Amino acid sequence: MYDLFAQLYGAPLYKILGGGDPVITTDITISVDYIDKMVADSLAAVERGFESLKIKVGKDSELDVERVKAVYAAVEDRALIRVDANQAWTAKQAVFAIQTLENAGVRMELVEQPVRAQDLEGMRYVTERVHTPIMADESVFGPTQVIELIRMRAADIINIKLMKTGGISNALHIADIAAMHGIECMIGCMVETSISVAAAAHIAVAKSDVITKVDLDGPSLCKFNPVDGGVLFNDSEISVTDAPGLGIREIRGLEPIVV
């Protein structure tokens with residue numbers, strides 16, 4: 001609907017939504033693995049030009065500390081570190097892990113969803129006890145949850161994902177609510193191709209006053225790009241064109257498999 005509306009007026013969606021700088025920069029995900037593999041993957045990402053790394057961690061908080069330390073030591077002066085716990089820790093484990101890393105001199109840009117999504121009290125417990133900004137992801141699906149999260153002061157940053165919010169409208173509502181309260185947002189994605197990530201990129205450009213961080217690495221992790229036209233994904237750099245709507249001209253399918 002948004003794509004068609006912007007096409008009706010012959011303008012790219014980001015301009016319909018308010019305009020902005022059509023070039024943004026994304027981080028890239030480093031999956032949880034053996035420490036040596038994570039370090040190698042991080043160094044490879046930096047060589048490709050990524051200046052922000054989202055480090056996935058697991059359920060062993062002590063091992064997670066060693067993972068993050070090792071990656072940070074390898075890329076300290078070349079890339080920012082974002083840590084994503086994916087709800088894996090308890091509140092006390094989160095405080096232990098984050099404070100241990102802080103005391104070791106590891107500078108993290110943020111820690112994402114350290115505790116279970118429903119545990120807003122746990123989120124607040126962590127946020128109050130660490131210096132590193134805490135970002136809510138699975139705890140926030142829609143505007144109502146954002147309001148409650150802000151009321152409780154349970155997080156410092158909100159991660160907006162179109163697949164969570166149910167589309168562009170709620171994503172815009174969340175961004176506007178966060179802006180009213182002076183809360184930063186990240187625009188993120190799930191396991192998506194450049195079709196839906198293109199829409200997220202347009203929102204990131206139009207709402208850059210509140211969406212200060214970008215995690216739209218889905219297309220960079222895909223084997224091929226199924227889209228002709230649309231947003232241009234060049235490793236860490238994402239460029240939004242001035243083509244009408246989302247700019248997508250065609251969606252190419254896979255070749256049929258002959259058995």
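User: Leaving aside its neighbours within four places in sequence, which residues is Ile81 in contact with?

Analyst: Happy to help! In this predicted model, Ile81 is in contact with Leu53, Ile55, Val68, Val71, Tyr72, Val75, Arg107, Met108, Glu109 and Leu110. Each of them counts because contact means heavy atoms within 4.5 Å.

User: Which residues have the most contacts inside the largest nonpolar core?

Analyst: Leu53, Ile81, Ile158 and Leu216 do, in a core of 79 residues. Helix H10 (residues 194-206) gives the largest share of this core, nine residues. As a general point, nonpolar side chains in soluble globular proteins tend to be buried together.

User: Why is Cys189 called buried?

Analyst: Its relative accessibility is 8%, and buried means under 20%, so Cys189 counts as buried. Cys185 is buried too, because its value is 0%.

User: How do you know that Cys189 is not in a disulfide, and what about Cys185?

Analyst: A disulfide needs two cysteine sulfur atoms within 2.5 Å. The closest cysteine sulfur to that of Cys189 is in Cys222, 8.8 Å away, so a bond is ruled out. For Cys185, the closest is in Cys189, at 16 Å, also too far for a bond. The structure holds zero disulfides.

User: Where does Cys189 sit in relation to the largest pocket?

Analyst: Cys189 is one of the lining residues closest to the pocket's centre, along with Met190, Val191, Asp217 and Leu221. The pocket has about 250 Å³ of space.

User: What makes up its lining, by residue type?

Analyst: The lining has five nonpolar, three polar and 10 charged residues. Strand E3 (52-56) and helix H11 (218-221) each supply at least two lining residues.

How values were computed:
Residues numbered from 1 in each chain as written. Predicted model: local features only at pLDDT ≥ 70, side-chain atom pairs only at ≥ 80, totals over all residues. Heavy atoms only, no water. Core = buried A, V, L, I, M, F, W, Y, C linked by side-chain atoms within 4.5 Å. Buried < 20%, exposed > 50% of the residue type's maximum accessible area, 1.4 Å probe, protein only. Helix = DSSP H or I, 4+ residues; strand = E, 2+ residues; numbered from the N terminus. 1 Å grid on protein atoms, 1.4 Å probe; cavity = no way out; pocket = protein on both sides within 12 Å on 5 of 7 lines; lining within 4 Å. Points joined across faces, edges and corners; volume = space filled by probe spheres on them. Nonpolar A, V, L, I, M, F, W, Y, C, P; charged D, E, K, R; others polar.
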